[in-house]
Amino acid sequence: MDAKEVVGEIPARIETDTSLREEREKTDQQLAKRLATTDLAADQVVELARDRADRVLDEARQKADASSRGDDSAKESNALPAARAAEDEVLTEERAGADDRLLEKRVEQRLETTELLRLEREETDERLSTERGHSDRAVASRDDVLAMVSHDMRGILAVIATSADLLIRMPPGQAVDRTQVEARRIRRCSEQMGRLIGDLLDVVGMELGRLHVEASQQDAAQLLTETMENLHATATAHGIEMTREAPAGRVAATFDRNRILQVLTNLVGNAIKFTSAGGTVALRLTPRADVLEFTVTDTGCGIAAGDLEAIFERFSQAGYADRRGLGLGLYIARCIVDAHGGKIWAESEPGKGSAFHFTIPRINPA
């Protein structure tokens, strides 16, 4: 990540944090206002209820006084005020107790609301932090890949430029063989650039959900033959033997021929890259009742157990000391196999070679 980009990203996050803080302050103010309004309305309801209760009590006492005016008992007349005073005292105490309980309830509800709000905000902050971490890793990965692509493209272009210069400076009448050599070199470089750009475009399309599988009835065994033919020259140049194992005759299944051929090419190409001269790369097709299983094994350097899942992630080789490729091939292969409704996995042990397996249904789901 360059300095310009860092400077551009930090203010954006400061703006986000400031906006989030302002929104939370507004929420706190609105919540406090709403609670105050609710408390005021509740107090008014309680006050009205108590006023009504007092009126009812006064009316009851007035009726009691009117009915007792004809009673000549002085003892009862003297006891009535004392009884009413005791009743008023009990009523006052009960109302005071009710007010205390109401206050405690309100304090308890406010504490619960504050705690709930705190937990929700902590969860939001954690999610925001996680998303920012993902974003930082994605940006770092993108920058690594851009640097790798730039390096690879520069190297390929340098070879093309060198060959072109040699052709331009070649004296008239010089042997045609040298011209053919340089032309083939330019052609190989152009193909490398085409594959590099194709992989990047494939990844962009897959990220946008634009991977289309055009399945039709095909011969799976023929795919192994084509893969052998396409990569035989490369394997021979590296001093590697290639073998093929498949049932005799046609192995019918429904799949996208070009895409599955792309998967096999990626797997075999990787096997050749990481296998030393004198080693072997083997292709095998195993038909089963509902699926076809393809296997590519090699006698190469192997893969650590902790990396067997990571190698199928996008740009998985970014940052590795041994960088032969962008780390896109296996990610693309996984997406293609997933789109067919199959699965892909690897088995390996450092120093003992690797085996890559993938399956596809014999009848591709609609």
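Q: How many helices and how many strands does the chain have?
A: The model is predicted. From the N terminus on, its elements run α-α-α-β-α-β-β-α-β-β-α-β-β. The chain thus comprises six helices and seven strands.

Q: What percentage of the residues in the chain is buried?
A: A residue counts as buried when its relative accessible area is under 20%. The chain holds 366 residues, and the buried share of these is 30%.

Q: What share of the contacts between residues at least 6 apart in sequence joins residues at least 24 apart?
A: Contact here requires heavy atoms within 4.5 Å. Among the contacts in the chain between residues at least 6 apart, the share that joins residues at least 24 apart is 73%.

Q: Which residues touch the most other members of the largest nonpolar core, and which helix gives the most to this core?
A: The largest nonpolar core has 46 residues, in which F294 and F358 touch the most other members. To this core, the greatest contribution is eight residues, from helix 5. Beyond four places in sequence, the residues that F294 touches include L264, L285 and F358. The names sought are therefore F294 and F358, with helix 5.

Q: With which residue does the side chain of Q262 make a polar contact?
A: Q262 lies in helix 5, which spans residues 257-273. Apart from its neighbours within four places in sequence, Q262 is in contact with D202, I332 and I336. The polar contact of its side chain, at 2.9 Å, is with the side chain of R259.

Technical notes. Residues numbered from 1 in each chain as written. Predicted model: local features only at pLDDT ≥ 70, side-chain atom pairs only at ≥ 80, totals over all residues. Heavy atoms only, no water. Helix = DSSP H or I, 4+ residues; strand = E, 2+ residues; numbered from the N terminus. Buried < 20%, exposed > 50% of the residue type's maximum accessible area, 1.4 Å probe, protein only. Polar contact = N/O pair within 3.5 Å; in protein donor to acceptor, adjacent residues only side chain to side chain. Core = buried A, V, L, I, M, F, W, Y, C linked by side-chain atoms within 4.5 Å.
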